[in-house]
Amino acid sequence: MVDHSGYKSSDLTRFFQFGFHPANLIVRFLLEIALLASFAVWTIEQLEGTAGIILAFLAALAVATLWGVFAVRGDRSRSGETVVATPCKLRIGLEFLLFGMAIWMNHDLSLNWVAVTLFFMTFLHYAISIDRLEWLWNN
């Protein structure tokens, strides 16, 4: 099956083409906000005072920069544009690494309900986005 952009899907993903659905993109955006918040909260809890606040902001900024700069050209879940063209498998690894770190950070802060919720929402998002993962893996 091929859509208007040349995206090819296998039989597995033919029925699960939600990776680029607007509702799933909203979920993805909310997960990205939770990701940034996790890095900021964990950082601010490690240090007290002004230094903690500044480093929390810088940690969230660093993660947002990684997320935004290292992208795959043509990824429809984003604008399709990129600053640094990143190999698809490396992008998958970056996403899993950052979400894994965010989950661990919440667990480290004894925010286990946040860690579990973030884990399951991230898992659900990627399960629903199997067509995007297939596209990334095969490009």
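**A pocket, a helix and its neighbours in a predicted model**

In this predicted model, the largest pocket has a lining of 14 residues, and L30, A34, V114, T117 and L118 are the ones that lie nearest its centre. The space within this pocket amounts to about 210 Å³. Two helices, α2 and α5 (112–128), each supply at least two residues of the lining. Helix α2 provides the largest share, with seven residues. In chemical character, the lining comprises 11 nonpolar residues and three polar ones, with no charged residues.

It helps to place this pocket in the chain as a whole. The secondary structure consists of six helices and two strands, and these elements follow the order α-α-α-β-β-α-α-α from the N terminus on. The chain has 139 residues, of which 35% count as buried. Among contacts with a separation of 6 or more, 64% are between residues 24 or more positions apart.

Helix α2, which spans residues 22–46, also contains S38. With a relative accessible area of 6%, S38 falls under the 20% limit and is therefore buried. Leaving aside residues up to four places away in sequence, S38 touches A102, M105, N106 and L118. Of these partners, A102, M105 and N106 are among the buried residues of α4, while L118 is one of the residues that lie nearest the centre of the largest pocket.

A second view of such packing comes from A60, a residue of helix α3. Its relative accessibility is 17%, so A60 counts as buried, the limit being under 20%. When residues up to four places away in sequence are set aside, A60 touches L36 and A40. The C-alpha atoms of A60 and L36 are 5.0 Å apart in space, although the two residues are 24 residues apart in sequence.

Attention now turns to helix α4 (88–108). This helix has 21 residues, and the distance from its first C-alpha to its last is 30 Å, close to the 30 Å expected at 1.5 Å a residue. Its buried residues are C88, R91, I92, L94, E95, L98, F99, A102, I103, M105 and N106. Viewed down the axis of α4, these buried residues fall within an arc of 165°, so they line one face of the helix. They pack against several elements, namely α2, α3 (49–69), β1 (70–71), α5 and α6 (130–138). On the face of α4 turned away from the buried side, the exposed residues L90 and L97 are found.

Beyond α4 comes S110, a residue in the loop between α4 and α5. S110 has a relative accessible area of 58%, which is over the 50% limit, and it is therefore exposed. The backbone of S110 also deserves a look. Most residues other than glycine have a negative phi. S110 is not a glycine, yet its phi is positive, at about 60°.

Taken together, the two serines offer a handy contrast: S38 is buried, whereas S110 is exposed. S38 is found in helix α2, while S110 lies in a loop. Helix α2 likewise links several parts of this account, as the source of seven residues in the lining of the largest pocket and as one of the elements against which the buried residues of α4 pack.

Methods:
Residues numbered from 1 in each chain as written. Predicted model: local features only at pLDDT ≥ 70, side-chain atom pairs only at ≥ 80, totals over all residues. Heavy atoms only, no water. Helix = DSSP H or I, 4+ residues; strand = E, 2+ residues; numbered from the N terminus. Buried < 20%, exposed > 50% of the residue type's maximum accessible area, 1.4 Å probe, protein only. Contact = heavy atoms within 4.5 Å. 1 Å grid on protein atoms, 1.4 Å probe; cavity = no way out; pocket = protein on both sides within 12 Å on 5 of 7 lines; lining within 4 Å. Points joined across faces, edges and corners; volume = space filled by probe spheres on them. Nonpolar A, V, L, I, M, F, W, Y, C, P; charged D, E, K, R; others polar. Expected span 1.5 Å × (residues − 1). Arc of directions from axis to C-beta.
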